[in-house]
Amino acid sequence: MVETSTEIKSLSKENLKGVEELIESFIELKRFPGAVLSIINFSNEILYEKAFGYTTYDAEKLPVDLDTIYDVASLSKVIATTSALMKLYEEGKFSLDDPVCKFIPEFAENGKERITIKNLLIHNAGLKPFSLFYKYLTDPKDIKAEIFKSAFENPPETKTVYSDYCFITLGEIVERLTGKSLSDYCKENFFGPLEMTSTMYKPPKEILKRVAPTEDDDYYRMRLVQGTVHDETADLLGGVAGHAGVFSTVKDIQKFLFMIINGGSYKNSKGEVITLFKPETIALFTKRVEGLPHSNSRALGWDTQPSDFSTSFGKKGSDGSFCHTGFTGTSIIVDQKRKVGIILLTNRVHPKRDSEGAKQILDTRSRIHDLVFDAVDNEAAKSK
């Protein structure tokens, strides 16, 4: 990890007051019913963690706590799929320049034989962003077949188009290389070793009360979505997909980020240090890909800060930070200069993704992240 500034060891209530007031105001504005925010440093210390609001707006609403489980949506892309690919990369199971059709032969159709795994990871393969498959397909095999055989939406390597097609394909590569479901592979290799006991695909019914509901679906499932993945395509694929499907808690994501920050190692509850990745693998996958013929803020699976494509990460993140967001209202940022990680979990799509409050997610996340950066900077200035 790059280290260029003093690491803070605490955050005062005074510096956090503005952050808390902003989140509480967003709850009043119904941008989300509740949230969990955590800030960690590079010494494996939790500087701040707090739950706000409730899981719904209902009269019998349940308060959010640190054990509330959220559908993290596209955070699945980095927590699960990218991590799986990092491990397989270390094991020499593929190279970044391998063509996708080496592992999925049918992907070569419509001129895609030269598209590489790297193209999928940085979203410049020219594939469609997504399709509303629930309107015309139900069989997972048919959905995957359409994705793999699809034609280009844009000429490859000419622009960045964030694409679920890319990560659904990457998830399939993991499964074909390992002979295991993406869910089982991630549980065995990451969620289990990191003691992420509340992180999973397809939460069982017995923990449903801990799961924050997402959308009141009146267009596909015709019910309140709780404990099943919000993303329609991931649901059609059985709840396990490369682009979405993971459920988790702030406490579990802290463990994941500590491992990433520590260059692939993690000290478990027994005091044992386990190593999941080499530091150079972490560095490779979290560094912005340079030298592309078009503007791109992407790392391998991750996004980076500052980004020209979205304001979700705020305007004050340090150059070289890496990050990702999820459609349901989730985000993680690792600011390497400030030596902090930020985790924000919400269910902003409740009760509807098209509600006025939910539509403000870019502004919402940006303002929260920027106030956190201000708090960290103020604390660092005090300690000098």
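**Exercise 1. Is Ser183 buried or exposed, and what is its relative accessible area?**

The model is a predicted one, in which local features need pLDDT of at least 70 and side-chain atom pairs count only at pLDDT 80 or more, while totals for chains, interfaces and linings use all residues. Residues are numbered from 1 along each chain as its sequence is written, and side-chain values use heavy atoms, with hydrogens and water left out.

Step 1. Take the cut-offs: buried means under 20% relative accessible area, exposed over 50%, and partly exposed in between, with a 1.4 Å probe and protein chains only.

Step 2. Ser183 has a relative accessible area of 17%, so it is buried.

Step 3. Place Ser183 in helix α6, residues 182–191, where helices (H or I, at least four residues) and strands (E, at least two) are DSSP runs numbered from the N terminus.

Step 4. When residues up to four places away in sequence are not counted, Ser183 touches Tyr201 and Val240, a contact being heavy atoms within 4.5 Å.

**Exercise 2. Describe the surroundings of Val229.**

Step 1. Val229 lies in the loop between β6 (223–224) and α7, and with a relative accessible area of 3% it is buried.

Step 2. Leaving aside neighbours within four places in sequence, the contacts of Val229 are Asp71, Arg221, Ala234, Asp235, Gly239, Ala244, Gly245 and Phe247.

Step 3. Between Val229 and Ala73 the C-alpha to C-alpha separation is 7.8 Å, although 156 residues separate them in sequence.

**Exercise 3. Work out the strand order of the open sheet that contains β7, and find its edges.**

Step 1. Two strands pair if DSSP finds at least two bridges between them.

Step 2. The open sheet has three strands in the order β3-β7-β4, with antiparallel pairing. Since β3 (70–71) and β4 (200–201) each have a single partner strand, they stand at the edges, so one side of each is left without a neighbour in the sheet.

Step 3. β4 and β7 (residues 246–248) run antiparallel and are joined by two bridges; the bridge partner of Met200 in β7 is Phe247.

**Exercise 4. Characterise the largest cavity and the largest pocket.**

Step 1. On a 1 Å grid over the protein atoms alone, a cavity is a set of points where a 1.4 Å probe fits but cannot get out, and a pocket is an open set with protein on both sides within 12 Å along at least five of seven lines; lining residues have an atom within 4 Å of a point. Grid points are joined across faces, edges and corners, and a volume is the space filled by probe spheres set on the points.

Step 2. The structure holds one cavity of 30 Å³ or more, and the volume of the largest cavity is about 30 Å³. Its lining includes Phe130, Asp164, Asp231 and His243, and helix α5 (residues 164–178) gives the most to that lining, with three residues.

Step 3. The largest pocket has a volume of about 960 Å³; 37 residues line it, and the closest to its centre are Ser74, Tyr162, Asp164, Thr325 and Phe327. The elements giving two or more residues to this lining are α7 (232–236), β11 (321–326) and α10 (361–383).

**Exercise 5. Summarise the whole chain.**

Step 1. The protein chain has 10 helices and 13 strands, and buried residues make up 57% of its 384 residues.

Step 2. Along the principal axes, the C-alpha trace spans about 60 × 50 × 40 Å.

Step 3. Among contacts between residues at least 6 apart in sequence, 66% join residues at least 24 apart.
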